[in-house]
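User: Hi! Could you take a close look at one sheet in this model and walk me through how its strands are put together?

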Amino acid sequence: MKRTIGILWACAILLVSCTKEKTDYEAEIGKVIPDQTEFKEVLSKSLDGYTIRVEALNGTFYSGYNEVRIHIGTTANVGAAKIKKVTFFPVLKKGAKYSSCPHQFVLTPNQQVHYLKGYAVFTEVSNAENAWELNVQIQVDGKELHLKEPIQVMEQPNKNLNMTAFQGRDGKDYVITLITPRKPKVAENEITAGIYRHDPGTAERLETNLDPAHYHYTMVEGYTLQLDPRMPEPSMGNHSSSNNKDLVQGDDGFYHGVVNYTMTGNWTLNFILLNKDGKIMKGTKVPTDFTPGVAGAKSELFIDILF
């Protein structure tokens, strides 16, 4: 009987501790993150009789994954523009150095709603040292237009859409960005990520020729992203969950799996990235020990999230 009471007290203390840790973390964030479900205008420009509108969720570019939509029409909105091709190229300038980020270079037309769609994974936020610029080349009605405008990239407020950049064991630079779920549930959630490898180019040439081949990110083919989600707070003992599925590549090029969140709070997505030959590019196994009172161990490759 005494042993049973002791166990119940321990559980109660653990529950209170968990609630306190979670509450403190949310207080630190200090705000409720609004849903981002509506595409709004980021910028608009008139060029040679055409209006070009660039849209993103909430009308803002954020660090990490961003779906981008571009509308192109005549200034007078008379007649349909015959669009042949639109290319999209974000450029980051840091002092005298130029770089880019993972993005879809040739945009995909959507004839039903009359816009072109692509994405960008912004790896840095805008500040005094980081200046982003958007370059859009448009072939329309036998003309070629070039939109070149500065843009602002803000910190992503939704922790479920975090990203990480790292060097793999092959010496290459990689980016992993979370795409879904935007709003997880206490359940098994489908999880989507983009995984990219950087092929470095020549900065000097980019200054005079905005050629994306010199700053090319490749969506890796045939990799596996092994997943081990944990609750790393000391009160939670770094426990995991069941029924998770590693992320593998789908027909859309992105990586899909399942993550099972058994409760709300702080979670760490521990990863091991394997190339198509099964060799580890980054990541380490996390001990399976239950460690109440101690901050949980993490893989050398991880992304923290919160919901």
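Analyst:
**The hairpin and its sheet**

Happy to start at the turn: strand 5 and strand 6 form a hairpin with 2 residues between them, and glycine 95 in that turn has a positive phi of about 65°. Strands here are DSSP runs of E of at least two residues, while helices are runs of H or I of at least four residues, both numbered from the N terminus. Two strands count as paired if DSSP finds at least two bridges between them.

A word on the source: this is a predicted model, in which local features need pLDDT of at least 70 and side-chain atom pairs count only at pLDDT 80 or more, whereas totals for chains, interfaces and linings use all residues. Residues are numbered from 1 along each chain as its sequence is written, and side-chain values use heavy atoms, with hydrogens and water left out.

Back to the hairpin: strand 5 and strand 6 run antiparallel and are joined by 3 bridges, with lysine 94 matched to lysine 97 in strand 6. Strand 5 (residues 83-94) is also joined to strand 9, again antiparallel, by 10 bridges. Within that pairing, phenylalanine 88 has valine 136 of strand 9 as its bridge partner. Strand 9 (residues 131-140) in turn pairs with strand 10 in the antiparallel sense over 9 bridges, and there valine 140 is partnered by lysine 143 of strand 10.

Put together, these strands give an open sheet of 4 strands in the order 6-5-9-10, with antiparallel pairing. Its edges are strand 6 (97-99) and strand 10 (143-151), each pairing on one side only. On average, neighbouring strands of the sheet are turned by 25° against each other, direction ignored; the axes behind that angle are lines fitted to C-alpha atoms, for helices over the stretch in contact, and angles run from 0 to 180 degrees between N-to-C directions. As general background, strands of a sheet pair through backbone hydrogen bonds, either parallel or antiparallel.

For the wider setting, the chain has 2 helices and 21 strands. Of its 307 residues, 43% count as buried, meaning under 20% relative accessible area with a 1.4 Å probe, protein chains only. Among contacts in the chain with a separation of 6 or more, 59% come from residues 24 or more positions apart, a contact being heavy atoms within 4.5 Å. The chain's accessible surface comes to about 16200 Å², of which 52% belongs to carbon and sulfur atoms; the areas come from the Shrake-Rupley method with a 1.4 Å probe, and for residues only the protein chains shown count as cover.

Terms used: Buried means under 20% relative accessible area, exposed over 50%, partly exposed in between (1.4 Å probe, protein chains only).
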